[in-house]
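Q: Please take a close look at one part of this model, the salt bridges around a single arginine. What do they join, and how are the partners placed?

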Amino acid sequence: MATDQFYEYIMYDFIVIGGGIVGLATGRSLLQSYPKAKLLILEKESQWAFHQTSNNSGVIHSGIYYKPGSFKAKFCREGNISMTEFCNKYNISHEICGKVIVATQPQELPLLDNLYQRGLANGLKVEKISAEEVKEVEPHVSCIAGLRVFSTGIVSYRQVCQQLVNMIRDDGGELLLNANVTQIKDISEGKEIDTSQGVFATRMLINCGGLQSDRLARLGNVDPQIQIIPFRGEYYELKPEKRYLVKTLIYPVPNPNFPFLGVHFTKMIDGTVHAGPNAVLSLKREGYRKTDFDIRDAAEIFSYPGFWKLASKYSKDGIQEIIRSFSKAAFVRSLQQLIPEVTADDLVPTHAGVRAQALKSNGQLVDDFLIIKDQKSINVCNAPSPAATSSLEIGKAIVRELST
């Protein structure tokens, strides 16, 4: 039936679902490689980059944390360079301020050294520094040793996205807001996509749906063999008179037995300083408040076998994250391990973000970016941090996938 209606609407060469930074960067790469192509980007919200992109920490990551040879390591390292060049070329406010990763307890020293070795393996300029040398960079930090990572920076990814939108329009691409995808059908020449703004057809569909990416893949008859589990990251912000406590970015040594980096301090490009995030299960995929709840989202989480396997594995750490969510005092104690001077009175709540984390049915978190290709679609089904840093490189990788 879909084929009978096929010629009643425009056939696009590419339709990208998702107007976050990955979707927009992909659109730009497609038009650079196929300048005569008909391209449409669909976004269900009323503005671009509404979810993960606009609620992340605004960091241009270095790539120090990621397994050498992984997509994350490669795309982040290359993305750090290409994102910085992009910002320089288009006068987007950014700063390559570097960061310090600090050990506060003796048992963290071997982990710090492992991280140093990983940084070298990933081709980064990274330096071991003493506690005294850390204080030269961050005078208020208390630690016993640290690493200095020089290529880390800060930026407004919302500004990056606006520049990408302008470039896509200038190159003849079409962009449509308020276009919620409700159905995806296979047709002889590609895919037919039903949305709240009408029906569209494409020869190649590219799913960059972030928090909804697994659902969109399944709508398009692709089984990603994962489920997105949303984790809310909650932040505090230092009061203006206390911003002097943080000069750049200050991170703890990550716990190798927990998949998140731990609470840290981040100087933002607007001059504010954010502290966090924790990592708590969100019962709504796009739920930025503690009280947000969606019955479908919650039911999918609790009926998924992988969730219960994950929860049992990280139960102790998960409980600590929940305590930090509901207890400002507990949150502050975590921050005081880095900067003892920080008090509860120095902090005010600020926006939260939600991380779209892919989880396998066996309870294993997907560590790397996950891009799934079939004959008529490419699905980006795991692109949490450092996806913003890596976005221009992910876009290039998707273009390369088209020729394989």
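A: **Arg-215 and its salt bridges**

At 13% relative accessibility, Arg-215 counts as buried, because the cut-off for buried is under 20%. The model is a predicted one. Salt bridges with shared partners connect Arg-215 to a single network that also holds Asp-214, Arg-218, Arg-285, Arg-296, Asp-297 and Glu-300.

Side chains of opposite charge can pair when their charged atoms come close. One partner of Arg-215 is Asp-297, and their side chains meet in a salt bridge at 2.6 Å, N to O. Asp-297 belongs to helix α7 (residues 295-302) and Arg-215 to helix α6 (residues 213-219), so this pair ties together parts that are 82 residues apart in sequence. Asp-297 and Arg-215 are both buried.

Glu-300 also forms a salt bridge with Arg-215, and here the closest N and O atoms are 3.0 Å apart. This pair, too, links distant parts of the chain, with Glu-300 in helix α7 and Arg-215 in helix α6, 85 residues apart. Glu-300 has a relative accessible area of 22%, so it is partly exposed.

Elsewhere in the structure there are further pairs, as a search of the whole structure finds 23 salt bridges. Among them is the one between the side chains of Glu-192 and Lys-185, at 3.3 Å, N to O. Glu-192 counts as buried because its relative accessibility is 1%. Lys-185, at 27% relative accessibility, counts as partly exposed.

Charged residues also appear in a surface patch. Glu-127, Glu-132, Glu-133 and Glu-136 form a negative surface patch. Residues in such a patch have no salt bridge. Helix α4 (residues 131-137) supplies the largest share of the negative patch, 3 residues. Glu-136 is found in helix α4, and its relative accessibility of 67% means that it counts as exposed.

Helix α1 (residues 21-33) gives another view of burial. This helix has 13 residues and reaches 18 Å from its first C-alpha to its last, close to the 18 Å expected at 1.5 Å a residue. Of the 13 residues of α1, 11 are buried, so the helix is largely enclosed by the rest of the structure. The buried residues of α1 include Arg-28, along with Ile-21, Val-22 and Leu-24.

To return to the request, Arg-215 is paired with Asp-297 and with Glu-300.

Terms used:
Residues are numbered from 1 along each chain as its sequence is written. This is a predicted model: local features need pLDDT of at least 70, side-chain atom pairs count only at pLDDT 80 or more; totals for chains, interfaces and linings use all residues. Side-chain values use heavy atoms; hydrogens and water are left out. Patches are made of residues with over 30% relative accessible area and no salt bridge: like charges are joined within 9 Å, nonpolar side chains (Val, Leu, Ile, Met, Phe, Trp, Tyr) within 5 Å. Accessible areas come from the Shrake-Rupley method with a 1.4 Å probe; for residues, only the protein chains shown count as cover. A salt bridge is a side-chain nitrogen of Lys or Arg within 4 Å of a carboxyl oxygen of Asp or Glu. Lys and Arg count as positive and Asp and Glu as negative; His and the chain ends are not counted. The place of a charge is taken as NZ of Lys, CZ of Arg, CG of Asp or CD of Glu. Helices (H or I, at least four residues) and strands (E, at least two) are DSSP runs, numbered from the N terminus. Buried means under 20% relative accessible area, exposed over 50%, partly exposed in between (1.4 Å probe, protein chains only). The expected span of a helix is 1.5 Å times one less than its number of residues.
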